[in-house]
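Visitor: Please take me through one part of this model closely. I would like to see how two packed helices are described, and then what lies elsewhere in the fold.

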Amino acid sequence: MFLPKGYRFAGVYSGVKADPEKLDLSLLVSDHPAVAAGVYTTNRMCGATVHVDRPRTPGSDFRVVVMNSGCANDCTGDRGIRDAEEMIRTAAATIGARPEQGLVMSTGVIGEFLQMDKIRTGIVKANEWLAGDEAAFEQAARGMMTTDTHPKMSSRQLTLANGKVVSIAGMCKGAAMIGPNMATMLALVFTDAMLEVKQAQTLLKATVDETFNCIIVEGHTSPSDTVLLLANGASCPEPLTGTDYDAFAAAFGEVCLDLAKAIPNDGEGVSHFVTIDVTGCKDREAAKIIADTIARDALVKAAIAGADPNWGRIVSAAGYSGIGFDVTKVGLSLNGFELFRDGTPQPFDADVVSASMRDHRDVSIVISFGDGDANIRYWTTDLTEEYVRLNADYHT
């Protein structure tokens, strides 16, 4: 991992989760004041942490992010907001910062109050374990996990024109309740480069639209979805410009894409990771709506789970997306096998195509239109009995 300079991390067990083997509280501390940007859920029932963080970002002079898992602090009214603000105050005081220098994220069960005595104790404990190495970074990534099977992390490093080396790293969590309409679940990306406040927010929003906003598991937009970007300038205090900024933006996009794809690939109970390419649309928004419709369709997802090359469900989903197109120019390929061309079924060996789905975790859907040159790529999963079982039993 390429870890940016000037950051320390910790992940501990505070007692919010029932299993003491599962970490449930994390800190990220910047030893230098950092610019912060944020993108948040569009769910009207947004959680307390979103209420607290959204008006603070974008901004500058941030020092700490405190995160907990096991309780989302969603739908908890004024008390939930007070608890989120107290999490920030406690974390800031513990590291010697001011309350306005903190941000907060929570994830887990909706509609339950935080156990603040345990949260406070956990924050103090986490402060004692802060370190800037890979082990501490992984512990922090584990502390934000709920039903994830493994921590999700990524990093990149690049050399600027002046010879300075800057790094970008990120962590995220998510395995279900994934249908983002902003960003996705919880993600935190940080760098030792420096960005201007507006520059950071613009970059984050544009990157989220191409990465976290292009993944779906079951189509549910969580109330606590948050993606944060921190830039502290520890390796390069001057804001990036020109070709340096372009190279940084590309590397930042790669980190976010790694994290975004890791979420559906770790989807609860899934047996297939599906890449959907929509090509030849009149504009990107049309391509996005079609891809999103296919990615959410339960019948498409069930067919993939059963290794059934039922291409009719895919083109039918495109047809009800609300986007107009010339049906005589539609084509479809599944795992490289052409099943539909110019609105007409093509001969194929169903057993061979089925085997290609059954024997491989990765599935490729390419649906083409003859209406323009706009394309998009989406990532989703199948829908399995195991997914239903896990989510039926999640709370009880």
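Guide: Contact here means heavy atoms within 4.5 Å. This is a predicted model. Take helix 2 and helix 3. By that cut-off, helix 2 brings Asp 83, Glu 86, Met 87, Thr 90, Ala 91, Thr 94 and Ile 95 to the meeting. Helix 3 answers with Met 116, Ile 119, Arg 120, Ile 123, Val 124 and Asn 127. By class, this contact has seven nonpolar, three polar and three charged residues.

Now the geometry. Two packed helices are described by the angle between their axes and the distance between the axes. Helix 2 spans residues 77–95 and helix 3 spans residues 116–128. They pack at an angle of about 25 degrees, with their axes 10 Å apart. Angles under 35 degrees count as roughly parallel, so helix 2 is roughly parallel to helix 3. The crossing of helix 2 past helix 3 is right-handed.

Next, the sheet. It is open, has six strands in the order 12-11-10-13-9-14, and its pairing is mixed. Strand 12 (344–345) and strand 14 (374–381) stand at the edges. Each has a single partner strand, so one side of each is left without a neighbour in the sheet. Strand 10 (residues 331–334) and strand 11 (residues 337–341) run antiparallel, joined by three bridges. Ser 333 stands opposite Glu 338 in strand 11.

One helix lies on these strands. Helix 7 (residues 284–296) lies across strand 9 (273–281), strand 13 (362–368) and strand 14. Helix 7 runs at about 20 degrees to strand 14.

Methods. Residues numbered from 1 in each chain as written. Predicted model: local features only at pLDDT ≥ 70, side-chain atom pairs only at ≥ 80, totals over all residues. Heavy atoms only, no water. Axes fitted to C-alpha atoms, helices over the stretch in contact; angles between N-to-C directions. Helix = DSSP H or I, 4+ residues; strand = E, 2+ residues; numbered from the N terminus. Parallel < 35°, antiparallel > 145°, perpendicular 65-115°, else oblique. Left-handed = near helix turned anticlockwise from the far one by under 90°. Nonpolar A, V, L, I, M, F, W, Y, C, P; charged D, E, K, R; others polar. Pairing = 2+ DSSP bridges.
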